[in-house]
Amino acid sequence: MIKGEGEISDRAVFDYFSRRYPGRGGLVARFFRAGEDARLTAMAGMLPDCAGKRIIDVGCGDGLFLSEIIRGRPSLIRIEDVVAENVSAAERNLHGKADRVEAVARDFFTSEEEGKYDVAISIGLTDYVADWDNFIDKLDGLLVGGGVMIVDFSKTGTLRIRLRKVWLGLNKVNVYAASKENLNILFRARYDNFEIAELEYNWMVKAVKDGA
């Protein structure tokens, strides 16, 4: 059963994705999901064996990313998204993949969860977050010492990101993208152990929290 918690801090993002989320069919969906196979492969290579681990997926969407790459059976998967319909889809796709699945419809920035998870995942969410310092610190706060963060960022300079900015700008949604230099500064200030994989449209980052 889905729980609802907290307020939505960015109403424009919520309104767009609750009304017009492209799903997995049609031209708009194919455009929005360009490069998804490469992201899935990169994420699978970074995800540790999940047997007995506690995992949180922030901005889970329909949950297919996580459902397709899990190795081992986690003790807990917590899925979060601001759109309840997305969380329902993710809960269905992740059914039976863990000992327990928690499904929560709420804004990640209202979270008070701290130090509970072995793995924190966020795919596709940084596109809509202006303050990456706060976002990464918040995501880091979910992890136990030695926990793994996997997060992606859209790449600057691609035609895809330019077109997405125009399309979403018409719907009053801001979109953000990163250079490798941006990400090196962001993660080097926080982690001794991190890696950045370059894909066609995205960067995929894995960082390990100190204190194992």
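**Entry 1: surface and overall make-up**

I began with the surface: the chain exposes about 9900 Å², and carbon and sulfur atoms supply 49% of that area. I am working from a predicted model. I then looked at cover and found that 50% of the 212 residues count as buried. My tally of secondary structure came to eight helices and eight strands. For the contacts with a separation of 6 or more, I noted that 68% join residues 24 or more positions apart.

**Entry 2: strand pairing**

I looked up β3 and β4. They run parallel and are joined by five bridges. As one register check, I took E80 and found its bridge partner in β4 to be V104. Strand β4 is mostly covered, with five of its six residues buried.

I went on to β7, residues 193-198, and β8, residues 202-208. These two pair in the antiparallel sense over six bridges. The link from β7 to β8 is a hairpin through three residues. For the register here I noted F194, whose bridge partner in β8 is A207.

**Entry 3: nonpolar cores**

Which members of the largest nonpolar core touch the most other members? I found M43, I77, I79, I121 and I150, out of 28 residues in that core. I listed the elements that each supply at least two residues of this core: α3 (36-46), α4 (64-69), β3 (76-81), α5 (84-93), β4 (101-106), β5 (117-122), β6 (143-154) and β8. The largest share comes from α3, with four residues. Another core, of 26 residues, lies apart from this one, and L139, V151, A178 and F194 are among its members.

I then took I150 by itself. Leaving out residues up to four places away in sequence, I150 touches M43, M46, L47, A120, I121, S122, I123, M204 and V205.

**Entry 4: L66**

I picked L66, which is found in helix α4. Is L66 buried or exposed? With a relative accessible area of 0%, L66 is buried, because buried means under 20%. Setting aside neighbours within four places in sequence, I recorded contacts of L66 with I55, D57, I77, L94 and I121. I also took the C-alpha to C-alpha distance from L66 to M43, which is 8.9 Å for a separation of 23 residues in sequence.

**Entry 5: aromatic pairs**

I counted five aromatic pairs. I wrote down two of them with both quantities, since a pair of aromatic rings is described by the distance of the centres and the angle of the planes.

F108 and F135 are edge-to-face, at 5.6 Å centre to centre with 70° between the planes. F108 lies in the loop between β4 and β5, while F135 is in helix α6 (residues 132-141), so this pair ties together parts 27 residues apart in sequence. I checked cover as well: both F108 and F135 are buried.

Why is the pair of F153 and F187 edge-to-face? Their ring centres are 6.2 Å apart and their planes stand at 85°, and the class follows because over 60 degrees counts as edge-to-face. F153 belongs to strand β6 and F187 to helix α8 (residues 180-188), so the pair ties together parts 34 residues apart in sequence. Both F153 and F187 are buried. I also found F153 and F187 in one aromatic cluster with W132, Y191 and F194.

**Entry 6: charges over rings**

I looked up two cases of a charged side chain over a ring. K155 lies over the face of W203, at 5.2 Å from the ring centre. The charged end of R160 sits over the ring of Y201, at 5.5 Å from the centre of that ring.

**Entry 7: backbone at K172**

Where does K172 lie? I placed K172 in the loop between α7 (159-169) and α8. I noted its phi near 65°, a positive value in a residue other than glycine. The relative accessible area of K172 is 71%, so K172 is exposed, the cut-off for exposed being over 50%.

Conventions. Residues are numbered from 1 along each chain as its sequence is written. This is a predicted model: local features need pLDDT of at least 70, side-chain atom pairs count only at pLDDT 80 or more; totals for chains, interfaces and linings use all residues. Side-chain values use heavy atoms; hydrogens and water are left out. Two strands pair if DSSP finds at least two bridges between them. A nonpolar core is a set of buried Ala, Val, Leu, Ile, Met, Phe, Trp, Tyr and Cys residues joined through side-chain atoms within 4.5 Å. Buried means under 20% relative accessible area, exposed over 50%, partly exposed in between (1.4 Å probe, protein chains only). Contact means heavy atoms within 4.5 Å. Rings of Phe, Tyr and Trp (its six-membered ring) pair if their centres lie within 6.5 Å; planes under 30 degrees apart count as stacked, over 60 as edge-to-face and the rest as tilted. A charge sits over a ring if NZ of Lys or CZ of Arg is within 6 Å of the ring centre and within 35 degrees of the ring normal. Accessible areas come from the Shrake-Rupley method with a 1.4 Å probe; for residues, only the protein chains shown count as cover.
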